[in-house]
Amino acid sequence: MTKEFDFDVVIIGAGPAGSVAGAKFIQEGFSVLVLEKMDFPRFVIGESLLPQSMDYLEKVGLLECVEKQKFQVKTGVTFYHNDDVCDFLFKDRFSEGWDYTYQVKRVDFDFALIKEVERKGVNVRFNAEVKSVKTSKKEQYILFRDEKGDEQTVKSRFVIDASGYGRVLPKMFKLEEPAVTIPRGSIYCHVNDHKRTHKAGNNIFVHAFNDNSSWIWSIPFSDRTASVGVVGNVDFINECSDNSEKGFKELIKSFPGLEGRFNDTEFIFEPKKILNYSISVKEMHGDGYALCGNSTEFLDPIFSSGVTLAIVSGYNAASLAIEEMNGQSVDWENDYVDVLKQGIDVFRSYVDAWYNGDLHTIFFTQNGNPEFKRQICSVLAGYVWDKSNPFVQKHKRILGTLAKVISMS
Ligand SMILES: Cc1cc2nc3c(=O)[nH]c(=O)nc-3n(C[C@H](O)[C@H](O)[C@H](O)COP(=O)(O)OP(=O)(O)OC[C@H]3O[C@@H](n4cnc5c(N)ncnc54)[C@H](O)[C@@H]3O)c2cc1C
């Protein structure tokens, strides 16, 4: 008798969303194939995690393999604007959860996750690019080009699209929608970081400039290198990517807020540029499939939310697909879309308040309320589903109102 399905689930993409989904399925005894178009390890940007991601890595048994990598521990975020400084330490957060997380080179992090998932029993094929997908309530057909260039089709009960910036199903099924934000971009690089101070080793550093329209990050890694990047409007990023004195390398070397940390640094690779990364979708699920991670929506890198949202959505999508395959009825809109949107929308309010200046007013006030700070700290740690936190519950209005009150006082 022939088997009706090749696998219970096919996952497109071996980034954090795909690995976490794969780990969840295998935990529950489902057979899984991950198709990844690149050869791993591979570079991708998105290197500063949030404590909330640790809860989910632990749930699916992926924390140990991350801990073994000896990544740089991250205990908080430091925001700068001119001479003003505002530190958030995750240990002071309002919500229950983790005090720390990691700053990771994704080349190592993503590889460690997918290798562990493979060790647990997931079939993983690198150099396997998904070319077309046919979905229906009962059976899914996934055509991919394998490492030899041959086309193959697999049949599964469910498909998870975790293809990140590849956005396989959103493009194929015409689900893409423009993001409601002004087009921004980023230019970034890895550099040597021998002059780092102890404090700079534990926090991500974010420094606003150009009237809050641009900011610079520095993310320290455990091998005394760092990721440095600039985010801003597309025109400004294009200007930064030329080789003149206004260019990225000169900016990094001379940026006042970096206090000479990188003034004679070595650039480990030529700066890379990414433009117009913010994007949304009309639907996050359909018959036989669900989207997760960057395949759904990507807002902005300012609060390092991308990998955390990828991990949480990978976990949630897999959990619901398992229920469905077990014959239970699933309300995807309520239990998946609304939950994910809740988290995305909280971050959206903070992203908007960052660029419109409200958060600068709140962060850099001299007489900030310590309880409010703890509650905002929870959001910055990724605990955006904790509705007992007023800065989550009332996220749409509270930042604007608080900024107004501070400005008037
Ligand atoms: C400038 C910038 C800075 C950022 N900084 C941060 C940060 O500090 N912290 C943070 O959390 N997030 C950050 N992000 C966001 C982060 O990059 C993403 O949110 C995260 O990588 C999404 O993970 P994912 O698993 O959804 O997708 P990815 O990590 O992109 O993985 C998707 C995988 O799918 C594969 N794939 C694509 N197409 C196909 C196909 N046709 N067939 C098979 N495989 C395919 C790809 O090769 C890739 O390996 C940043 C983003 C930008 C633009």
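**View 1. The ligand between two domains.** In this predicted model, the ligand lies between domain 1 (7-71 + 106-178 + 279-343) and domain 2 (184-275), because both domains give residues to the shell around the ligand. The division of the protein chain also includes domain 3 (347-408). Between the centres of domain 2 and domain 3, taken over C-alpha atoms, the separation is 26 Å.

**View 2. The shell around the ligand.** The ligand is surrounded by 39 residues, of which Gly15, Gly164, Gly166, Gly293 and Gly306 come nearest. Two or more residues of the shell are given by each of the elements α1 (16-27), β8 (129-134) and α9 (306-325). The largest share comes from α9, which gives four residues. By class, the shell consists of 19 nonpolar, 16 polar and four charged residues.

**View 3. Helix α9 against helix α10.** The description of two packed helices rests on the angle between their axes and the distance between the axes. For α9 and helix α10 (residues 332-355), the axes come within 11 Å and cross at roughly 175°. An angle over 145 degrees counts as roughly antiparallel, and α9 and α10 are therefore roughly antiparallel to each other.

**View 4. Residues in the contact of α9 with α10.** On the side of α9, the contact is made by Leu309, Val312, Ser313, Asn316, Ala317 and Leu320. On the side of α10, Trp332, Asp335, Tyr336, Val339, Leu340, Gly343 and Ile344 take part. Nine residues of this contact are nonpolar, three are polar and one is charged.

Technical notes. Residues are numbered from 1 along each chain as its sequence is written. This is a predicted model: local features need pLDDT of at least 70, side-chain atom pairs count only at pLDDT 80 or more; totals for chains, interfaces and linings use all residues. A residue is near a molecule or strand if its C-beta atom, placed from the backbone, lies within 6 Å of it. Ala, Val, Leu, Ile, Met, Phe, Trp, Tyr, Cys and Pro count as nonpolar, Asp, Glu, Lys and Arg as charged, and the others, Gly among them, as polar. Domain bounds come from an automatic or database domain assignment. Axes are lines fitted to C-alpha atoms, for helices over the stretch in contact, and angles run from 0 to 180 degrees between N-to-C directions. Angles under 35 degrees count as roughly parallel, over 145 as roughly antiparallel, 65 to 115 as roughly perpendicular and the rest as oblique. Two residues are in contact if their C-beta atoms, placed from the backbone, lie within 7 Å.
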